[in-house]
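Colleague: Could you walk me through this model and tell me what the words rest on?
Modeller: Gladly; here it is.

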Protein chains: 4
Amino acid sequence: MSNDLGNVYYKNYLHLDKILGAQEPISSQTDNPAHDELLFIIVHQAYELWFKQIIFELDSVKRIFADPPVDDKQMGTIIARLDRILTIQSLLLDQIDVIETMTPLDFLEFRDLLVPASGFQSIQFKEIEIRLGVKRENRIPADREFMKSRLAVEDQEHLSRVEQQPSLVELLNDWLSRMPFLEIGEFSFWRHYEKAVERMLQTDKKIIQQNPTLSEREKEYQIDELIATQSKFDTLFDQDKFEELKTAGKFRLSHRSFLAALFINLYRNEPMLFLPFRLLTLLLEIDESFTRWRSRHALMVQRMLGSKIGTGGSSGHEYLSQTTRQNRVFMDLYNLATFLIPRSDLPELPREIRRSLGFHFSGQNANSSGESSA
Amino acid sequence: MSNDLGNVYYKNYLHLDKILGAQEPISSQTDNPAHDELLFIIVHQAYELWFKQIIFELDSVKRIFADPPVDDKQMGTIIARLDRILTIQSLLLDQIDVIETMTPLDFLEFRDLLVPASGFQSIQFKEIEIRLGVKRENRIPADREFMKSRLAVEDQEHLSRVEQQPSLVELLNDWLSRMPFLEIGEFSFWRHYEKAVERMLQTDKKIIQQNPTLSEREKEYQIDELIATQSKFDTLFDQDKFEELKTAGKFRLSHRSFLAALFINLYRNEPMLFLPFRLLTLLLEIDESFTRWRSRHALMVQRMLGSKIGTGGSSGHEYLSQTTRQNRVFMDLYNLATFLIPRSDLPELPREIRRSLGFHFSGQNANSSGESSA
Amino acid sequence: MSNDLGNVYYKNYLHLDKILGAQEPISSQTDNPAHDELLFIIVHQAYELWFKQIIFELDSVKRIFADPPVDDKQMGTIIARLDRILTIQSLLLDQIDVIETMTPLDFLEFRDLLVPASGFQSIQFKEIEIRLGVKRENRIPADREFMKSRLAVEDQEHLSRVEQQPSLVELLNDWLSRMPFLEIGEFSFWRHYEKAVERMLQTDKKIIQQNPTLSEREKEYQIDELIATQSKFDTLFDQDKFEELKTAGKFRLSHRSFLAALFINLYRNEPMLFLPFRLLTLLLEIDESFTRWRSRHALMVQRMLGSKIGTGGSSGHEYLSQTTRQNRVFMDLYNLATFLIPRSDLPELPREIRRSLGFHFSGQNANSSGESSA
Amino acid sequence: MSNDLGNVYYKNYLHLDKILGAQEPISSQTDNPAHDELLFIIVHQAYELWFKQIIFELDSVKRIFADPPVDDKQMGTIIARLDRILTIQSLLLDQIDVIETMTPLDFLEFRDLLVPASGFQSIQFKEIEIRLGVKRENRIPADREFMKSRLAVEDQEHLSRVEQQPSLVELLNDWLSRMPFLEIGEFSFWRHYEKAVERMLQTDKKIIQQNPTLSEREKEYQIDELIATQSKFDTLFDQDKFEELKTAGKFRLSHRSFLAALFINLYRNEPMLFLPFRLLTLLLEIDESFTRWRSRHALMVQRMLGSKIGTGGSSGHEYLSQTTRQNRVFMDLYNLATFLIPRSDLPELPREIRRSLGFHFSGQNANSSGESSA
């Protein structure tokens, strides 16, 4: 009896012998095999598969950015791949639900056998952090210490090499700094913007002062707020102040790049800025999704161990809580919202710039349809 | 004691008196109040709130399409709003999990009191179907009957009026039919495409015939497949055949519009087609999400009632299963996949067309950066 | 420089060399590497990891059932494991979102290289189906044919062996058939139930006939419904009719087991039936989740291929749609809802039986607290 | 033309006139209607609907606990209702995705019109917090201040009244303190447990000291950990120390109740403890889900406003981040994990106690089946 399976057979193509032959619970070698150890292994292996895919997509995106100019077709590709990363991240979150089907008592059955291995030893996860832009010097001390004492030398060296490549946040910074729309010919956008902000703040002040329903204390409070807002905008318009704050770690982007990102947010409806806006949104969402993952992860560890020490000798919950705050990379994109002003207050772009930001179609049918989008 | 709440107070702004005062379980008026009836009411009210939002977004999208030309900024708006609908739809799906926290026995406690009311009497849901493009004549008989015998006269008349407006699928058809790229100057895209398809099929045929590992039966089978594929492409290239199938209900789009949609799919990497491609993808996904909702809804009803008759006198599970198949609107967008050919086989677009599909930036900084996307 | 990694190191424990070394895109060996093939491989590998875990849990559950009596501690274990399977299934659904980040055109880049491999060749998925209770003779013809012609001989033989073991639905049937509560001493539950049903139907009839707001046509319609319901209950109370329908494939459970399942549903508030009720609910939900997965899978294939033939020579969408209907295993648990009657109509259980269904605590503190649950 | 809609008609039953007539965007009364304000209103209204349902379920659960003894049927009811709350909470999380379809710039279009209204004015959300167990004195200062200055007097008074009722965490504490299993006859569980812990720690110590692969520094480190663990257990076994920490706000449960909760976790496989264990797990998960919601909410506000002040005059992001940490109620249930020991080290329960924790079935069929669970 024979059948024709052709050249490609499902299980060979996927190397299922390797994949399904890679689960060896330690507790199976003892007198007391723990049922839940297989789940523990498989969930971590699934994580590592997805980490590999995320790294693959990040690298392809970084390669495009590293070889400017980035043309528009490539921008579409970048966006599709970041969107894929985001979709995978929602799996990473959901997988925590699967881990949590294991109770703390079930985990105890094999936990001691794993000491001192630890999930923090995932090289691929560190690689993702580095590729996005987490810097060694910004990591919390426990994290820095761990990367020295608890990783194999070859893994340490590998991570050091990865750290020497430009990160995504740096490549983004370069790309933004090349944006050509900020000053064109006679038109200086930021002078207009500054005036619009000033007008907006003046109007707000008058509204507060003339509001008969406000008590004096209320008025004072609201005026204080206005002054705080004013001072934030001052930073925006003063390159020196900005760079000072950047040195103090308050910004990752350069002044010029930050302004470009703000411009993209403000005029995101212009066709040529549609993809750049989507890019910035995706980066923010990828950052947010890892933040959510770290924070859920911290809750899960707390639930599993209470205030016990983790298998790697770290107090896992505390460690994770701290990296949740510390390892965010695209905070600047959150901070952009501080500087948005209502559309109605936006300076109108000169006709020349508007044209350069839109589609121009000049095919023969265009006249008849009069339509530019399609 | 007084405090200054200003002019706008949360609960007034949201009219929470109305919202939170609209739950009146019928069973509360009997000797046997049913705990779960409140959930039943609230989940349906939440559905209706979201339906209102979906209708609001659909109408805004339809208004844009109904007033051509659709410029590029508007295209961005359309996409943002369809994307919002899709996000809301995923809530609609999740709400079924909430209903399912009610067991069939709990439902029985108050079910008889609701007879003959029925979820199929949701006017807003019918409106959504109609706005998308579900036609009265395509509905299953039970559905058509129900819309006559089981709706208040005013509601029937309202739905009839909605049915007279152009639906989204019709507006899409018009928009696609105006697409100017199909024949430009000397270049006739479809003649090239037809040849590419022919070449592809010829090559496939050779590969099959010369494959030494295939048995005769295998070869025959695969050649048959090729012929079936060939015949499908024939339809694509033959307007008359196509319109014939359209009359038979196999297509909703016109021949010209179907080709335009295919063109968008094939050259979606061109900047000017990025938004149109996203539009088509979103419409397909909205259709898919409603399909999933109907199909989950059918399972839920079956679980709740078995093969009992629903409160409205319909056998709910069967009804819903049938509309799952019948009320899909954007099947053409699924069928597009049938006619895609690998990128490497695609005819290259003439330089003139490519240019008209890309961004042109000519600001002063552009030269220095050499970059067109930003 | 050295550091102490202890005996267990993360990447060794997880065999990451195997896991991360098992991705070999075929297109990488051609002149035209396809970026998306890695995703395609990894998503399938993740599926297979989870399938392995599901099989592991199913087997452990089956082992417990196969060695009666099932004590209460074991029942808790069974439920925890089925709950885990359900949680994993929601990952399986979410992974489809990840696949859909690949567009049909991207898939075309490497699809031909995979012919004739096919996802239907997943042995583990077939194993899951078989373990749950899908029978060879109930499969659709294309499925049966495929299992012969398209699987390696060793895989066919493996599946045949799995088919010879008792399935979960059979083990459930045995367990239900041993349930001791149906007739105890003088009390015959089903005679009481039959009378309660009769009373309920008589009352319903009167209510219809005496309702002044109903037209004659309405009354007739509703009486017809009543008769249909009556006839369904007749089947329930008539073992011969029931077994006849079972032979015709309308039921999988025996008459006695079906009644036991109904009893559990009706008296699920009794402490001793809490776990059995949870068991039945979980089995229904596992069935439902696979149904949803097949149905989403079908939509995804349609979106990817239109009406093209799949890589394995099957028209994937159609095949999947059919198995969605055909491969459901626990339909009986859905059908139970047909036979539920309102709690108020339920015969009260004799005191002796109630006692045997509740907790009895007789510790010294119990008197003082008077509480039985804790 | 007439039709018979019966007594109950869908839209009347659901009071859709109220529900769908409660959206009045303020911006619609200006020259500049903001498209996105409707979404903003509807998403908040949907939240309030679900809050109402959560409060309804919480109250029903609290009523059962407030009227001891809680019998086993009621325990099943409690669990079903908490499970429903948890399912609704996952909707609350998903609704944030819907809000995020509104960009910061879109929000700016109408944000100023809403000042000084604020989402923090949701009375129902505060009610949920209070019902769960958030105490006024534990709230962060901004929160306490806000509840005075920014709520209508009637709402303040309402909340004060709610604060005077016993909260769920207090009712849970009472229920746990009544648990009768801790000392029964001769058997004193905790003396056994203390010894088991001692043995475990001694063994661990030996393992560390005799491990040849550990450096002296490593050994020292691990011994320090052991001592820390020892000291935590000391608290557990010393009622005075425990109550001291409770006074300092480290625990919410009394010493006796905490031990009872630990007992339930350790022996959760005993049939009689299955439901109590599920109860504790659900409370922990409800707490966790609100924690996740607050933390996502904080990210969303940061994304929408940057470091701007919220409409209610609060810096929303910072406020939310702090309540995320501060308003957790069931931290004790997380801390339980600290005190779990492996099952193999658990003292075996005396036969008498085991029996009182299991099902006893003594019906006539029981002998033949020999099965106790069904």
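Modeller: Let's begin with a word we will need: a residue is buried if 20 or more other C-beta atoms, placed from the backbone, lie within 10 Å of its own, exposed if 12 or fewer, and partly exposed in between. This is a predicted model, where local features need pLDDT of at least 70, side-chain atom pairs count only at pLDDT 80 or more, and totals for chains, interfaces and linings use all residues. Residues are numbered from 1 along each chain as its sequence is written, and chains are lettered from A in the order in which they are written.

Colleague: Why is helix α6 of chain D called mostly covered?
Modeller: Seven of its ten residues, 123-132, are buried, so the description fits. They are Ile123(D), Lys126(D), Glu127(D), Glu129(D), Ile130(D), Arg131(D) and Leu132(D). A helix here is a DSSP run of H or I with at least four residues.

Colleague: What covers the buried residues of α6(D)?
Modeller: The cover includes α1 (10-13) of chain B, together with α3 (37-65), α8 (153-164) and α9 (168-177) of chain D.

Colleague: How do you know that chains D and B are in contact?
Modeller: Two residues are in contact if their C-beta atoms, placed from the backbone, lie within 7 Å. By that rule, 55 residues of chain D are in contact with 55 residues of chain B. The largest share of chain D's side, 13 residues, comes from α3(D).

Colleague: What makes the copies meet through the same surface?
Modeller: 100% of the interface residues of chain D are also interface residues in chain B, so the surface is the same.

Notes:
Helix = DSSP H or I, 4+ residues; strand = E, 2+ residues; numbered from the N terminus.
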